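Colleague: Got a minute to go through this one with me? I'd like to start with the strands.

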Amino acid sequence: MSKLQAPSLLPFYSCKNRTNTLALILPFIIFMSLHSSMTSAWSNIPKIINTIDRSLVLKKTLTSSKLHPSSIHATRILSLGVVSSRQQSLFCHHATTQQRQFHSSSALYLNRFLFDPCEVEGLIKPNNNDDECNEENSTTAPYVTLPKNDYRTVHAAKILNVHNGDTIRAGIVGEDDLISNDDASSYQNSGLITDEAVIEWLPEGKIKKAEPTKNGDPPGSLRVLLHSLTSPYATPSDDTASSSSSYSQPVSLILALPRPLQLGRILPMVAQLGVDHLVLTSAQKVPKDYFGSHLFRKPNELRRHLIEGLCQAGDVKIPKVTVVRRLKPFLEDDLDSMFPLDEYARVIAHPQREKIVLENGETIIPAPPLRMRDVVFPESSNTEQEQHQQPRIVLAVGPEGGWAEDYELNMFQKCGFQQITLGKRVLRSDVAVVSLLSLAHDVCAARQ
């Protein structure tokens, strides 16, 4: 018996882990020897050794890899062979599901599907065989066809799980700069929204069912029928086209250019809160290489960030963007034409200073700066015109280090900017922008 078992036991004793494990299974071997013959008991030792070897190797491999704990636990149980085939399938399904959830990426939640005017293909008659809907579907509607790999198509399948005939909120991005005399017909529906856009799946390849697959993938292209397009700013007495093109947000922003990575985070926030005109400008504390960002080399990338914010807010009015590389010529030459002093309240934000130390050592305690609620708006000589005039604010926000004292601050104040503050704290650009835009919108709404 020793001749037969020595080759199998020798590798087992040469490993420290096996030696430690052998001490745990010796009582089990002794128990087997008491209830069966010695020959049959010792003949099972190689099987036990192989099982222990597999479990040790699996444990070392799985713990070194980045798997979900549930999948490691399930695989370890399967390796020991202590569950049935049905239990094995349940364990594998649970482990795979948990692993997919653990490693899944964050989804882009859309409150309104937005389309470029150039994506709207025209008018079609919806295909529906129901007699009840014949009268409704007899009218034509513009439509958009999205490819299978488009992020909006994936969102409709994986997140919304919509089927043929379901309705979603949709809109067409409106930009005044895009509309010209040559292609005005292509943008006749720009700036309009609908809450009754109808979904239609177009299966591709081997997929025949016009519905999302079991794992949530889209079956093919997605067609969206844009019924009942209206202006988001129209009243019952307004004309749809004129009201959508004439409305503009009451707040504009002059922003000292932040770091490219931070700018990518700020742009969706600016679009969500609502800005009519965004001016990205230089300042003394802004490095010049910031203007070499990929967002300026690829304008579509900058536009994509703005549309992401519009999707979240459910708006279709994309802000106008102007890039200014020299601050002083902009304030002297272009400021009055963009933001007339008789229409806009000009505001500059800067941290509050407790005291100012002059070059001769003299200390001056400045007057406390204004808060956003204390901003003075321009007054019109015509009382009737003032009642219908929308209050407007142009807000200047500096870099994280603040505007240069006293050169840039004095330059803004000479142009009629009122200095306000959020307190003594020095805030990051994204925090300051969100806070100030919220306060500015609140002040404008209170004066209407």
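Modeller: Sure, and keep in mind that this is a predicted model. Strand β4 (residues 167-172) pairs with strand β5 (residues 193-203) in the antiparallel sense, over 4 bridges.

Colleague: Which residue in β5 is the bridge partner of Gly-171?

Modeller: That's Ile-193. Gly-171 of β4 also stands opposite Leu-114.

Colleague: And how do β1 and β4 run, parallel or antiparallel?

Modeller: Parallel, with 3 bridges joining β1 (residues 113-115) to β4.

Colleague: OK, on to the open sheet. What's the strand order?

Modeller: It goes β9-β8-β7-β13-β10-β14, 6 strands with parallel pairing. The edges are β9 (320-324) and β14 (418-420), each of which pairs on one side only. From one strand to the next, the twist averages 20°.

Colleague: How many bridges join β8 to β9?

Modeller: There are 5, with β8 covering residues 277-281. Within that pair, Leu-280 stands opposite Val-323 of β9.

Colleague: Which strands does α16 touch when it packs on the sheet?

Modeller: α16 touches β7 (251-256), β10 (344-349), β13 (392-397) and β14. Its direction makes about 165° with that of β13. Angles over 145 degrees count as roughly antiparallel, so α16 is roughly antiparallel to β13.

Colleague: Switching to helix pairs: at what angle do α13 and α15 cross?

Modeller: Roughly 5°, and their axes come within 11 Å. The helices span residues 327-338 for α13 and 407-414 for α15. The cut-off for roughly parallel is under 35 degrees, so α13 counts as roughly parallel to α15.

Colleague: Which residues make that contact?

Modeller: From α13 you have Leu-327, Lys-328 and Leu-331, and from α15 Tyr-407, Glu-408, Met-411 and Phe-412. By class, 5 are nonpolar and 2 are charged, with no polar ones.

Colleague: Last topic, cavities. How many of 30 Å³ or more are there?

Modeller: The count is 1. About 200 Å³ of space lies in the largest cavity. It is lined by 18 residues, and the closest to its centre are Ala-349, His-350, Pro-351, Leu-427 and Ala-432.

Colleague: What's the class split in that lining?

Modeller: The lining has 9 nonpolar, 6 polar and 3 charged residues.

Colleague: And which helix gives the most to the lining?

Modeller: α16 again, residues 429-447, with 3 residues in the lining. So that helix turns up in both places: it packs on the sheet and it contributes to the lining of the largest cavity.

Key
Residues are numbered from 1 along each chain as its sequence is written. This is a predicted model: local features need pLDDT of at least 70, side-chain atom pairs count only at pLDDT 80 or more; totals for chains, interfaces and linings use all residues. Side-chain values use heavy atoms; hydrogens and water are left out. On a 1 Å grid over the protein atoms alone, a cavity is a set of points where a 1.4 Å probe fits but cannot get out, and a pocket is an open set with protein on both sides within 12 Å along at least five of seven lines; lining residues have an atom within 4 Å of a point. Grid points are joined across faces, edges and corners, and a volume is the space filled by probe spheres set on the points. Helices (H or I, at least four residues) and strands (E, at least two) are DSSP runs, numbered from the N terminus. Ala, Val, Leu, Ile, Met, Phe, Trp, Tyr, Cys and Pro count as nonpolar, Asp, Glu, Lys and Arg as charged, and the others, Gly among them, as polar. Two strands pair if DSSP finds at least two bridges between them. Axes are lines fitted to C-alpha atoms, for helices over the stretch in contact, and angles run from 0 to 180 degrees between N-to-C directions. Contact means heavy atoms within 4.5 Å. Angles under 35 degrees count as roughly parallel, over 145 as roughly antiparallel, 65 to 115 as roughly perpendicular and the rest as oblique.
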